[in-house]
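Visitor: Hey, could you walk me through this one? I'm new to looking at structures.
Guide: Sure, let's put it on screen and start.

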Amino acid sequence: MRTFERLGHLFRTWFRRSRLDRDLDAELSDWVETLAERHRARGLDPSAARAAALQELGGVDRLREHARSLRAGAGVGPAVSDFKYGWRALRHAPGFSTAVIFTFALGVGASTAIFSVVKAVLIEPLPYREPDRLAFVWADATDLGYPRAPLAGPELTDFVARATHFEHLAGIWATTSTLTGDGDPEQLRIATVTRGFFQLLGVPPAHGRLFDDEKDFGQPVRPVILSDALFQRRYGGDASIVG
C-alpha cells in the first residue's frame with residue numbers, strides 16, 4: 001500500500017472515528033438482520049432467529065472490536081488513553097510524580113551514558129591510523145592484585161628488544177597531576193609516553209611539533225602536548241602559547 005493511502009487511512013481513523021463507528025454498527029446490524037432472515041425462512045420465530053444469527057456470528061461486540069483493531073493506527077489510541085490515565089494519576093500525587101520523573105530521568109541519563117561509551121568503544125573505530133592493528137600489552141601482576149599492570153621501564157625495554165610480532169612499540173603511563181602557574185590550580189589526567197608514541201598512533205599535532213627529538217628526552221624541563229579539550233577550554237585555542 002502506498003504511503004499516501006496509508007496516511008489517508010490514518011487520517012480517517014483519527015478524525016472520523018465517530019462516522020466510522022456508525023458505519024460499522026450499521027454494517028453489523030445489516031449482517032445480523034440478513035442472517036436472522038435466513039433463520040426465519042427456516043421456520044424460527046423472530047426472537048429465536050435473531051438469537052441464532054448472533055450465535056452464528058460469535059457476538060457483535062467481538063466483531064466490532066476486531067474490526068476496529070484492523071484500522072490504521074489502531075494501536076495508538078490505547079497508548080494515548082494509557083498516557084492520559086497515567087498523567088492524571090501522577091498529577092494527583094505530586095510526591096510520587098517527582099520520584100517517578102526523577103527515576104525516569106536517571107534511567108534515560110544512564111542509558112545515554114552507557115550507549116555513548118559503547119558507541120565510542122565498540123561501534124565507532126578509534127580515531128587512529130589502522131585502529132584494528134593496535135594492541136595493548138600489559139604486565140601480569142596477579143599475585144599483587146593487578147592482573148593488568150603497566151610495564152616498568154626495564155620491562156618495556158626488554159620487550160621491545162625481544163618482540164618480533166609488532167611493527168612498532170611505544171609505552172604510556174597514565175596518572176594525575178596539578179596544573180598551576182596561569183590561573184586557578186586544576187587537576188588533570190596526564191600521561192608519560194615514550195618517543196614514537198604519536199607516530200605509532202598516526203596522530204599529528206594541530207599546532208607545534210611532536211617531542212620525538214633526542215634533545216626532548218632526559219631534560220630537566222620536559223615539553224608537553226596538550227589535549228584539544230584542555231587547549232580550547234583553558235587557553236581559548238590560542239596557538240601563540242606553543243613553545
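Visitor: Is Trp87 buried, partly exposed or exposed?
Guide: Trp87 counts as partly exposed, since its relative accessibility is 48%. Here buried means under 20% relative accessible area, exposed means over 50%, and partly exposed is in between, using a 1.4 Å probe and protein chains only.

Visitor: Where does Trp87 sit?
Guide: Trp87 is in helix H5, residues 76–91. Helices (H or I, at least four residues) and strands (E, at least two) are DSSP runs, numbered from the N terminus. From Trp87 to Ser97 the C-alpha to C-alpha distance is 9.1 Å, with their positions 10 residues apart in sequence.

Visitor: Anything I should know about where this comes from?
Guide: It's a predicted model, where local features need pLDDT of at least 70 and side-chain atom pairs count only at pLDDT 80 or more, while totals for chains, interfaces and linings use all residues. Residues are numbered from 1 along each chain as its sequence is written, and side-chain values use heavy atoms, leaving out hydrogens and water.

Visitor: OK, big picture: how many helices and strands are there?
Guide: The chain has 9 helices and 4 strands. Going from the N terminus, the order is α-α-α-α-α-α-β-β-α-β-β-α-α.

Visitor: And what share of the chain is buried?
Guide: Of the 243 residues, 14% are buried. The accessible surface is about 19,100 Å², and carbon and sulfur atoms hold 59% of that. Those areas come from the Shrake-Rupley method with a 1.4 Å probe, and for residues only the protein chains shown count as cover.

Visitor: Switching topic: what volume does the largest pocket have?
Guide: About 1,700 Å³. A pocket is an open set of points on a 1 Å grid over the protein atoms alone, where a 1.4 Å probe fits, with protein on both sides within 12 Å along at least five of seven lines; lining residues have an atom within 4 Å of a point. The volume is the space filled by probe spheres set on the points, which are joined across faces, edges and corners.

Visitor: Which residues are closest to its centre?
Guide: Out of 39 lining residues, those are Phe211, Val224, Ile225, Leu226 and Ser227.

Visitor: Which element gives the most to that lining?
Guide: Strand S4 does, with 6 residues.

Visitor: What kinds of residues line it?
Guide: The lining of the largest pocket has 25 nonpolar, 9 polar and 5 charged residues. Ala, Val, Leu, Ile, Met, Phe, Trp, Tyr, Cys and Pro count as nonpolar, Asp, Glu, Lys and Arg as charged, and the others, Gly among them, as polar.

Visitor: And the second largest pocket, which element gives the most there?
Guide: That's H8, with 5 residues. The second largest pocket has a volume of about 1,200 Å³, and its lining has 24 nonpolar, 4 polar and 4 charged residues.

Visitor: Back to S4. What does the side chain of Glu186 make a polar contact with?
Guide: Glu186 lies in S4, and its side chain makes a polar contact with the side chain of Arg233 at 2.6 Å. That term means a pair of N or O atoms within 3.5 Å; within protein, one must be able to donate a hydrogen and the other to accept it, and residues adjacent in sequence count only if both atoms are side-chain atoms.

Visitor: Last one: what phi does Glu130 have?
Guide: Glu130 has a positive phi of about 45 degrees, though it isn't a glycine. Most residues other than glycine have a negative phi. Glu130 lies in the loop between helix H6 (94–123) and strand S1 (139–141).
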